[in-house]
Amino acid sequence: MNRIRERLSELRDKGRITPEQYDELMSTLEGSEPEPPAAPAAPEQPTVLQTTTRKLTVRLISEDLSVRGVEGLTAVRIINGQSSVRTRQNGDVTEMESTLTGEELHGFSFHIGASGEDVELEVPADMPCELKTVSGDITLEDMRGLVSVHSVSGDIDGRSLDHIESATSTSGDLDLERCIVEGDVVTKSGDIDVTDCTIRGMLKSYSGDVGAADTVLDDVDVLSFSGDVELDRTTVRNGARLKTTSGDIRASLAQHDVVVDVDTRSGDASIQGPGVDIQTSRQRIPVGAATVELSARTGSGNIEIRLA
């Protein structure tokens, strides 16, 4: 019970629930029967779900979530956290959510986990997954199916994901490595870091930094309102647009033949590379064969572009 009270206070203090929701949830909690002391638990054995599943949806509250794709696996396996979740089959979709002792209040679905134990899953590598948490972190790896992932206040960490449809967090960081992103990666107050990825969509942080290394940007918008944008050993295909309101932009490209279009209102811009050394504040510069375009815009920051 103490852990649940602490979680409610934390979500109220962070603005995730209103004071009214907090008071009503606390009233519900105090009116419930006290939980008996838990008996010593035997080591959990993996729980195997139905083999007819074609898609997995997960909705957790305070638990961290870890999902790993396994080649040749034919069903979802719960490796850890069986007591934290309940599952149901809806056609060919397996739906998994936190064990509940609460209810929907004021249009906000708030669920209090009975044990709060972190959840670890193994899924068929090509299974589509839709994953959501409120205050837990999400870790994903080795998944080839379509993935949509969202956390309100937790971090998202992805490794070797072939089809990210969307990845969003309200206040957490997003860290992706060896991933293919086909949609938007967005956080309001966290940082975004991508390494060895292919991005076809948007990278956006409202108040954090956005960084990409050894990555292909294929018709991509990279945006931050008050943070910096930094690219390292990055390749641009079909254009890329970098923009920050008050931060700096630093881009080191793994290519030379680029149309560089820079614009800073109160800062300085430099474009450097073999045969190129330009200091300006606003200019569109074709370099070499100029086969692709990179634009960089900032209101009050500086811009540095380095070409291979």
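**Entry 1: S160 and D196**

I started with S160, which lies in strand β12 (residues 156-169); helices (H or I, at least four residues) and strands (E, at least two) are DSSP runs, numbered from the N terminus. This is a predicted model, where local features need pLDDT of at least 70 and side-chain atom pairs count only at pLDDT 80 or more, while totals for chains, interfaces and linings use all residues. Residues are numbered from 1 along each chain as its sequence is written, and side-chain values use heavy atoms, with hydrogens and water left out.

What caught my eye is that S160 is not a glycine, yet has a positive phi of about 60 degrees. I looked up its accessibility too: S160 has a relative accessible area of 19%, so it is buried. For that term, buried means under 20% relative accessible area, exposed over 50% and partly exposed in between (1.4 Å probe, protein chains only).

D196 also turned up with a positive phi, about 55 degrees, although it is not a glycine. I found D196 in the loop between β15 (192-195) and β16 (198-199). D196 comes out as partly exposed because its relative accessibility is 44%.

**Entry 2: cysteines**

How many disulfides does a search of the whole structure find? I got 0, taking a disulfide as a pair of cysteine sulfur atoms within 2.5 Å. As a reminder to myself, a disulfide is a covalent bond between the sulfur atoms of two cysteines.

Why is C179 not bonded to C197? The sulfur of C197 is the closest cysteine sulfur to that of C179, but at 4.6 Å it is too far for a bond. Seen from the other side, C197 is in no disulfide either, and its nearest cysteine sulfur is that of C179. I noted C179 as buried because its relative accessibility is 2%. C197 is buried as well, at 3%.

**Entry 3: an aromatic pair**

Next I looked for rings of Phe, Tyr and Trp (its six-membered ring), which pair if their centres lie within 6.5 Å; planes under 30 degrees apart count as stacked, over 60 as edge-to-face and the rest as tilted. The count by this rule is 1 aromatic pair. Y206 and F225 have ring centres 5.3 Å apart and planes at 20 degrees, so I logged the pair as stacked. Y206 is in the loop between β17 (202-205) and β18 (210-213), and F225 in the loop between β19 (216-224) and β20 (229-244), so the pair ties together parts 19 residues apart in sequence. Y206 is partly exposed at 34% relative accessibility, and F225 is partly exposed at 41%.

**Entry 4: E63**

Is E63 buried or exposed? It counts as buried, because its relative accessibility is 0%. E63 sits in the loop between β2 (55-60) and β3 (65-70). Its side chain reaches the backbone nitrogen of I61 at 3.1 Å and makes a polar contact with the side chain of S98, also listed at 3.1 Å. A polar contact here is a pair of N or O atoms within 3.5 Å; within protein, one must be able to donate a hydrogen and the other to accept it, and residues adjacent in sequence count only if both atoms are side-chain atoms.

**Entry 5: β3 and its partners**

I followed β3 onward: 6 bridges join it in parallel to strand β9 (residues 119-124), where S66 stands opposite E120. Strands pair if DSSP finds at least two bridges between them. β3 also pairs in the parallel sense with strand β11 (residues 138-151), over 4 bridges, and there the bridge partner of S66 is T139.
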